[in-house]
Amino acid sequence: MTAPHDRPTASELLQAVKEWMEQDLMAGVDGRLAFHVRVAMNMLDIVDREITLGAPMEVRHEEVLRGLGVASDAELSHKIRMGEWDTDFPQLLEALRPVVEDKVRVANPKYLR
Amino acid sequence: MAKLGMASGGELEHDIARVMNASEVTNLRRLSGGASRETWMLSADGNDYVMQRVRAGRPDGLGLEPQVLAAAHRAGVPVPELVVDGSESTELERPFMIVRAVQGESIARKIQRDEEFTEARGVLASQLGAAAARTHQISADEVSGLNQSDQLTMYRNVMDELGEPHPVFEIAFRWLDAHRPAHARQTLVHGDFRLGNVLVGSQGLAAVLDWELAHVGDPMEDLGWLCVRAWRFGGAHPVAGIGSYEQLFDAYESVSGVRPDFDAVRWWEVLGTLKWGIICINQATTHLRGISRSHELAAIGRRVCENEYDLIEYLTEMVK
């Protein structure tokens, strides 16, 4: 997955930066700046999870769209807006659930119930 | 800018003292405010005040907020008392208002967890219900010129302008449009009634703040928005993360005589979740289009999916 690149892997690089932020940078800041450092650390975690978990999620998203007979979120959105799915919302919501859960799993896994 | 520079030399203090008819203004300090306003703390003749002033280069003005604040005060809503309405004044260069400072905490995490708010947490949902009921007793015409746009249409337009397709949001738009609450009253609505925009003390609600989004509409909007999952800040309970619908509705009814309709509140909760999702896209777009580059705004773009996730939960229950 990392070839031809050397270690650290992309994920290991992010973790190294995050550890530095957590252990050294945070110790020297407070208030609004500390909050902004936490936001930045959280963003590194999102990128790390996307690198680690993203590939099968992309495949799943494509499969779900194909199963719904569309090529993109834009096309699906248009069809919903035109009322084509009005009588099948339960089925559509069930189909979209795993895709949305994947997004949350990368962005903020603690949010999942 | 020259004026702001001179402020540190005492000129702004002097000008504020004049508009307040105070003998002396001391301890003037600027807090980090929002994008359109400056917020200042100050002391005058032994009392503490908060001044909000329009930022340089912003054409927005203060709108009707001073008038709304005064109307809320007359209706018995706990709000900071308006001391000077400078919305039409040029005495401090740009429109401003000065209110009496209220002691209290606005940070949700502290209100939900800190020891000193234990008692407050037991009564806050009821107090919010009572404050909302009093707000909604203010008639639509008491403050003239208030916005009366249809929220669903307004956010449809924002969504289209942003151009980021989200199928779950489209389902929400369809469902909301087909299930609008019937017989909605039209009253003054706070417009951003939630944890984060209220001050809480050890005894509970101290003041309702941030009235700049006040408008005319269905009062259930405020109750729904209050219960949107984002404004529960991780808490398990629907009202501000710490209280129940029953507490909220009982207090609302005992003040106003009107029992909130649960289905209408839930409709507004769904709309509020959609609305917050669209605001998240908008925040990220502000960064991505270079209007205001900020990693904090960028990060909010990855919160859009929390709202898709919540909407799937709401809608799955509602379309059964």
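**Reading a two-chain contact, step by step**

Chain B and chain A bury about 2900 Å² between them, and 64% of that area is on carbon and sulfur atoms. Keep in mind that this is a predicted model.

Q: How many residues does each chain bring to the contact?
A: Chain A brings 33 residues and chain B brings 25.

Q: What should I know about charged side chains, and how many salt bridges are there between chain B and chain A?
A: The general idea is that side chains of opposite charge can pair when their charged atoms come close. Here, six salt bridges are counted between chain B and chain A. One to find on your screen is the pair A:R113 and B:E313, whose side chains meet at 3.1 Å, N to O.

Q: Which elements of chain B give two or more residues to the side that touches chain A?
A: Look for α6 (151-162), α7, α11 (295-300) and α12 of chain B. Of these, α12(B) gives the most, with nine residues.

Q: How do the residues on that side of chain B divide into nonpolar, polar and charged?
A: Eleven are nonpolar, three are polar and eleven are charged. You can also count polar contacts: there are 13 such residue pairs between chain B and chain A, with both residues at pLDDT 80 or more.

Q: How many salt bridges does the structure hold over all chains?
A: The count over all chains is 34. Try the pair A:D102 and A:R60, whose side chains meet at 2.7 Å, N to O.

Q: Why does the pair A:D102 and A:R60 tie together parts that are apart in sequence?
A: A:D102 sits in helix α4 of chain A while A:R60 sits in helix α2 of chain A, so the pair links parts 42 residues apart in sequence.

Q: Now for empty space. How much of it lies in the second largest pocket?
A: The general idea is that rolling a probe the size of a water molecule over the atoms shows where empty space is left. In this model, the second largest pocket holds about 760 Å³. It is lined by 29 residues, and the closest to its centre are A:D73, A:K103, B:H166, B:R302 and B:E308.

Q: Which helices each supply at least two residues of that lining, and what classes make it up?
A: From chain A come α2 (31-67) and α4 (89-107); from chain B come α7 (167-178), α10 (262-288) and α12 (304-318). By class, the lining has 16 nonpolar, eight charged and five polar residues.

Q: What can I look for in the backbone itself?
A: Start with the bond joining A:R7 and A:P8: this peptide bond is cis, with omega about 0°. A:P8 lies in the segment before α1 (10-25) of chain A. Then turn to B:N27, a residue other than glycine with a positive phi, near 60°. B:N27 is placed in strand β1 (residues 25-31) of chain B.

Definitions and conventions: Residues numbered from 1 in each chain as written. Chains lettered and ligands numbered in written order. Predicted model: local features only at pLDDT ≥ 70, side-chain atom pairs only at ≥ 80, totals over all residues. Heavy atoms only, no water. 1 Å grid on protein atoms, 1.4 Å probe; cavity = no way out; pocket = protein on both sides within 12 Å on 5 of 7 lines; lining within 4 Å. Points joined across faces, edges and corners; volume = space filled by probe spheres on them. Helix = DSSP H or I, 4+ residues; strand = E, 2+ residues; numbered from the N terminus. Nonpolar A, V, L, I, M, F, W, Y, C, P; charged D, E, K, R; others polar. Contact = heavy atoms within 4.5 Å. Buried area = accessible area lost by both parts, 1.4 Å probe. Salt bridge = Lys/Arg side-chain N within 4 Å of Asp/Glu carboxyl O. Polar contact = N/O pair within 3.5 Å; in protein donor to acceptor, adjacent residues only side chain to side chain.
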